[in-house]
Amino acid sequence: MKENKFYNAIKAVVSPFAKLFFRTRAQGMENIPNDGPVIIAANHYFFADPIFIAVYTKRFITFMAKSELFGNPVMNWLMTKLGCVKLNRDGSDISALRTVLGELKKDACIMLFPQGTRCPGHAPLREEMKDGASFLAMTSKAPVVPVGIYTKEMKGKLFRKTYVSFGKPIVPAEEIGRGGKSVALASDMIHSAICTQVESARLMAESKK
């Protein structure tokens, strides 16, 4: 299993703050495979979403991050030290996708947001979904762990409770035959699985009232 001491140190520092200031709760962490290649795909409405997922994931995560986050020397250094892969916002960065496929061959745990950018105020819509996650899943045959993140009004705010639900892995490459529409069908499957987990996270919030 790949390790990154800098990542582990940052995670140890950030985790208590995430749990304190965003009152995070999570379920289904056991659905993340302990080893082997895996893609974590989640909805995205708040800048801290990657932290909410990392806090509850034991494995080192290689994040696919939009290129704008590497825009200044300090952030470029930080993102590089954390092992992030730079990705163009439209999700069609072939070089980045090849890099991630190489990491999956090394049994990496990859995290990305199929929406490609933050979309607050609602659960993910199918038309917002890019095909990067489905392309990786179909090409690498790696399982996808769908994740739903939920908070009131789907808008992040300090001290507003945040709920994270990790679903059982799905393997689009095993369920969808090869063909011209296979990547789009995989995107449909991943979108549906993420929406299911967003609803699971919402129900968790309801049960905690």
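Which residues gather in a patch of positive charge on the surface? They are Arg-23, Arg-25, Lys-161 and Lys-208, and the legends below start from the whole chain before turning to them. The model is predicted, with local features requiring pLDDT of at least 70 and side-chain atom pairs counting only at pLDDT 80 or more, while totals for chains, interfaces and linings use all residues. Residues are numbered from 1 along each chain as its sequence is written, and side-chain values use heavy atoms, with hydrogens and water left out.

**View 1. The whole chain.** Seven helices and seven strands make up the secondary structure, where helices (H or I, at least four residues) and strands (E, at least two) are DSSP runs numbered from the N terminus. Since its radius of gyration, taken over C-alpha atoms, is 16 Å, close to the 17 Å that the globule rule (2.2 Å times the number of residues to the power 0.38) gives for 209 residues, the chain is as compact as a globular protein of that length. Buried residues, meaning those under 20% relative accessible area (exposed is over 50%, partly exposed in between; 1.4 Å probe, protein chains only), account for 48% of the 209 residues.

**View 2. Arg-23 and the positive patch.** Arg-23 sits in the loop between helix H1 (5-21) and strand S1 (25-27), and its relative accessibility of 35% makes it partly exposed. Its phi is near 45°, a positive value in a residue other than glycine. Arg-23 also belongs to the patch of positive charge with Arg-25, Lys-161 and Lys-208; such patches consist of residues with over 30% relative accessible area and no salt bridge, like charges being joined within 9 Å.

**View 3. Glu-153 and its partner.** Glu-153, in the loop between strand S6 (144-150) and strand S7 (163-166), has a positive phi of about 60° although it is not a glycine. Its side chain meets that of Arg-160 in a salt bridge (3.9 Å, N to O), a term that requires a side-chain nitrogen of Lys or Arg within 4 Å of a carboxyl oxygen of Asp or Glu. Arg-160 counts as buried, at 17% relative accessibility.

**View 4. The network in helix H7.** Glu-206 and Arg-202 form a salt bridge whose closest N and O atoms are 4.0 Å apart, and because they are four residues apart in helix H7 (residues 182-207), about one helical turn separates them. Salt bridges that share partners join Glu-199, Arg-202 and Glu-206 into one network.

Notes: Patch = residues over 30% accessible without salt bridge, like charges linked within 9 Å, V, L, I, M, F, W, Y side chains within 5 Å. Areas by Shrake-Rupley, 256 points an atom, 1.4 Å probe, with all protein chains shown as cover. Lys, Arg positive; Asp, Glu negative; His and termini not counted. Charge placed at Lys NZ, Arg CZ, Asp CG, Glu CD.
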